[in-house]
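Trainee: Please take me through one part of this model in detail. I would like to follow its charged side chains and see where they sit.

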Amino acid sequence: MRFRTRFNAAGGIADFWNEWKKPTPYRWPILAASFAMTGTLFFWLTKEEYYYPPEVPQVTYITTFAEGRTDEEIRQSNIENQRRKDELEAERARIEQRRRDLYKSLGAATGLDVEAMEAEAEAERAAEERAERERLAELFGESDNQTDGTVETAGE
């Protein structure tokens with residue numbers, strides 16, 4: 001019972017009322033400022049932000065191919081694409097070889113040991129190719145007895 005008498009709000013309300021009844025010139029501005037601060041605090045604390053999930057994208061499949069293509073048309077298309085890819089790769093290799101030749105001639109003209117530099121660059125290229133083959137073999141589980149694009153089988 002002591003808890004109830006110790007925290008009785010009646011005395012606090014009576015004190016507030018006595019102070020409120022006194023004629024002070026700033027009573028209404030102070031009340032307005034108190035309401036504004038309390039209202040702002042409550043508005044800030046109860047404001048809820050909700051972010052809608054993004055819309056599901058509309059998936060558009062490849063529309064450049066005819067819908068009713070036969071397997072033979074697909075095979076011919078793949079062969080043509082592979083031919084174009086091989087041509088581009090050969091062109092890139094030709095350009096890279098031309099660039100290496102230009103750098104070799106420049107190095108020879110300036111007195112550098114281009115043979116040693118070429119051997120070092122070739123060793124780096126071979127190491128990079130080997131690392132790429134190992135990475136692909138690890139990713140796709142290819143056997144180690146695969147060399148230069150051919151696969152040996154047990155029956156051969």
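Mentor: Gladly! Let's call a residue buried under 20% relative accessible area, exposed over 50% and partly exposed in between (1.4 Å probe, protein chains only). The model is predicted, so local features need pLDDT of at least 70 and side-chain atom pairs pLDDT 80 or more, while totals for chains, interfaces and linings use all residues. Numbering runs from 1 along each chain as its sequence is written, and side-chain values use heavy atoms, without hydrogens and water.

First, the setting. The protein has five helices and zero strands (DSSP runs numbered from the N terminus, H or I of at least four residues for helices, E of at least two for strands). Of its 156 residues, 3% are buried.

Now to the charges. Side chains of opposite charge can pair when their charged atoms come close. Across the whole structure there are 10 salt bridges (a side-chain nitrogen of Lys or Arg within 4 Å of a carboxyl oxygen of Asp or Glu).

Start in helix α4, which spans residues 71–110. Here E91 pairs with R94, their closest N and O atoms being 2.6 Å apart. Because these two are three residues apart in the helix, about one helical turn separates E91 from R94. E91 is partly exposed at 34% relative accessible area, and R94 is partly exposed too, at 47%.

In α4 you will also find R75 and E72, joined by a salt bridge of 2.9 Å, N to O. R75 and E72 are three residues apart, so about one helical turn lies between them. R75 is partly exposed at 42% relative accessibility, and E72 is partly exposed at 42%.

Next, follow α4 to its neighbor, helix α5 (residues 114–140): the two axes, lines fitted to C-alpha atoms over the stretch in contact, come within 10 Å and cross at roughly 150°, on a scale from 0 to 180 degrees between N-to-C directions. The contact (heavy atoms within 4.5 Å) involves R100, K104, G107 and A108 of α4, with V114, E118 and R125 on the α5 side. By class, two of these residues are nonpolar, one is polar and four are charged, with Ala, Val, Leu, Ile, Met, Phe, Trp, Tyr, Cys and Pro taken as nonpolar, Asp, Glu, Lys and Arg as charged, and the others, Gly among them, as polar.

Two α5 residues from that contact, R125 and E118, form a salt bridge with each other at 3.5 Å, N to O. R125 is partly exposed at 24% relative accessibility, and E118 is partly exposed at 22%. Elsewhere, E80, R83, R84 and E87 are linked into one network by salt bridges that share partners.
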